[in-house]
Every structure is written in structure tokens, then in C-alpha cells.
Amino acid sequence: EKKSCDCNIVLIGAIVLDNIINIDEIGMEPNGWNIASDYQYDLGGICSTLITLQNLGGTAKILGWMGNDANSSIVLEKMKDYKIDISGIEQNNIDTTTVIAFIDPTGNHSRVVLPANNIIDSVPLSWNKSIKDADFVFLSGFTCIELKREIILEILDIAKRAKVAIVFDPQNAISVIDDEILLSVLKLTKILTINEEEKQTL
């Protein structure tokens, strides 16, 4: 019997396109080259988390941003395939965040990230309503870096006033998050997903 997650979660962050390249060995000499055995692309970042939540039967929505470039067309098509609600996504003339991941047969990987410029100057009205209507707001460490400090504080204030709990995943960015932002997020965090290395940083 399939278990369901009977909750409404909003996930905040940049929309990411993952380019996944399977190679025999990670790393190469300067001016060297390697042979890829496979190449594919898929949704990454918070979209991956949302897809997992949807598969568990939860109600999840993304509040994010992306570009109007060629990669955004691929992303929108993928979102359509996964039946992802795009009404909370802001678009502008920027590059969509893109990750190039090199993966060897053992699962070791190396990544190159081309981040999108942040286009969120204030919390959109649609985001405000979605946060208030949610049971949880999911924030990642990278979102806490990508969004302006005052935007994160505004999101936290909206969540606090509406008594909406935070789910926080530092994602190896914990050491570079502004101290005030980190403390503010942790105060409202009900679910903290953290590994041993991140635990040592706190």
C-alpha cells in the first residue's frame, strides 16, 4: 500500500537544469580529455525534492525563478512531464541555473554550476499567499545564499506570522550562510536535514 504525505509544502529556490555526463574517471590533466559513456538532462535542485514529495502523495509547490533562455524551454517541458505547477515561478531575461555533473561508475561526481542572477527584489504577492496557505516551507542552504538577505527575512516573517514551520536542508552551504540568516532560519525550523559534516559546522 502506497503511503501518502498529507501536507502542503512550498519549496523556495532557483529552478535548476541538471546536465548529467557519465564518464570513466573523474578529473583530468590540464588540456586533457575524457570520453563520456552517456549524457542526459533532468530537473535538479528543489525540483528533485518536489518530485519526491509528489510521489509520496504530498501537495507541493515551487516558488522560484528562472530565465527565458534556451535551457528554460527544456525545463518547462520537463515540468510539464512531471505535472509541476509553474504558477509560482518568476521568469526574466537571465540565464537559467545550470549544473553540469560528471559521474564515474562508482558514483563519485564533480559539478560545475552556472547560477542564475537573482531577480527577486521583493516577495511576490503570489508567494505571500502560498506561504501562508502552506503547512511547511522548504528552504535550502543555497536558497539562503541566492536570495537577498531582506527577502529571506521577509519570507521567515510571513511564515512566522502564519505559524508555518520551516524544513531546512543546508546542502553543504551552511558555512557560507550569513549568521543572522542562519539563526533566524534555525529558530523556525521544525525539520532539519543535516549530515555529519554540516553538524560539525553548527
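Let me begin with helix α5, whose buried residues in this predicted model are Ile-151, Ile-152, Ile-155, Leu-156, Ile-158 and Ala-159. These residues cover an arc of only 160° around the axis, which puts them on the same side of α5. The general background is familiar: an α-helix has 3.6 residues a turn, so residues three or four places apart point the same way. On the other side of α5, the exposed residues are Lys-160 and Arg-161.

What does the buried side of α5 pack against? Its partners are β1, α3, β7, α4, β8 and α6. In residue numbers, α3 runs over 125-133, β7 over 136-140, β8 over 165-169 and α6 over 179-188.

The length of α5 can also be checked. The helix comprises 13 residues, 149-161, and at 1.5 Å a residue these should span 18 Å. The end C-alpha atoms are 19 Å apart, which agrees with that expectation.

After α5 comes Lys-163, placed in the loop between α5 and β8. Its phi is positive, near 60°, in a residue other than glycine. As general context, most residues other than glycine have a negative phi. Lys-163 counts as exposed, because its relative accessibility is 76% and the threshold for that class is over 50%.

A second lysine belongs in this part of the discussion. Lys-83 lies in the loop between α2 (70-81) and β4 (89-92). Phi of Lys-83 is likewise positive and near 60°. With a relative accessible area of 71%, Lys-83 is exposed.

I turn now to two other helices, both of which are among the packing partners of α5. In α3, the buried residues are Trp-127, Asn-128, Ser-130 and Ile-131. The elements that cover them include β1, β3, β4, β7 and α5, with β3 running over residues 59-67.

In α6, the buried residues are Ile-181, Leu-182 and Val-185. They cover an arc of only 100° around the axis, which puts them on the same side of α6. The other side of α6 carries Asp-179, Leu-183 and Lys-187, which are exposed. I draw attention to Leu-183, a nonpolar residue by the classification used here, among those exposed positions. The cover over the buried residues of α6 includes β7, α4, α5, β8 and β9, the last of these spanning 189-192.

Strand β8, which appears in the surroundings of both α5 and α6, contains Asp-169. Is this aspartate buried or exposed? Asp-169 is buried, since its relative accessible area is 19% and the class requires a value under 20%. Which residues does Asp-169 contact, leaving aside neighbours within four places in sequence? They are Phe-138, Leu-139, Ser-140, Gly-141 and Thr-193. From Ser-37, by contrast, Asp-169 is separated by 32 Å between C-alpha atoms, with the two positions 132 residues apart along the chain counted as their separation.Next, the largest pocket. Its volume is about 540 Å³, and its lining consists of 22 residues. Which of them lie nearest the centre? These are Val-16, Gly-45, Val-99, Phe-142 and Gln-171. By class, the lining divides into 9 nonpolar, 10 polar and 3 charged residues. Several elements each supply at least two lining residues, namely β1 (8-23), β2 (36-45), α1 (46-55), β5 (97-103), β6 (109-114) and α4 (141-146).

Finally, two glycines in loops. Gly-32 lies in the loop between β1 and β2 and counts as partly exposed, at 33% relative accessibility. The C-alpha atoms of Gly-32 and Phe-136 are separated by 47 Å, the two residues being 104 apart along the chain. Gly-58 is found in the loop between α1 and β3, and at 15% relative accessibility it counts as buried. From Gly-58 to Lys-187, one of the exposed residues of α6, the C-alpha distance is 25 Å, for a separation of 129 residues in sequence.

Technical notes:
Residues are numbered from 1 along each chain as its sequence is written. This is a predicted model: local features need pLDDT of at least 70, side-chain atom pairs count only at pLDDT 80 or more; totals for chains, interfaces and linings use all residues. Side-chain values use heavy atoms; hydrogens and water are left out. On a 1 Å grid over the protein atoms alone, a cavity is a set of points where a 1.4 Å probe fits but cannot get out, and a pocket is an open set with protein on both sides within 12 Å along at least five of seven lines; lining residues have an atom within 4 Å of a point. Grid points are joined across faces, edges and corners, and a volume is the space filled by probe spheres set on the points. Helices (H or I, at least four residues) and strands (E, at least two) are DSSP runs, numbered from the N terminus. The expected span of a helix is 1.5 Å times one less than its number of residues. Buried means under 20% relative accessible area, exposed over 50%, partly exposed in between (1.4 Å probe, protein chains only). The arc is that of the directions from the helix axis to the C-beta atoms. Contact means heavy atoms within 4.5 Å.
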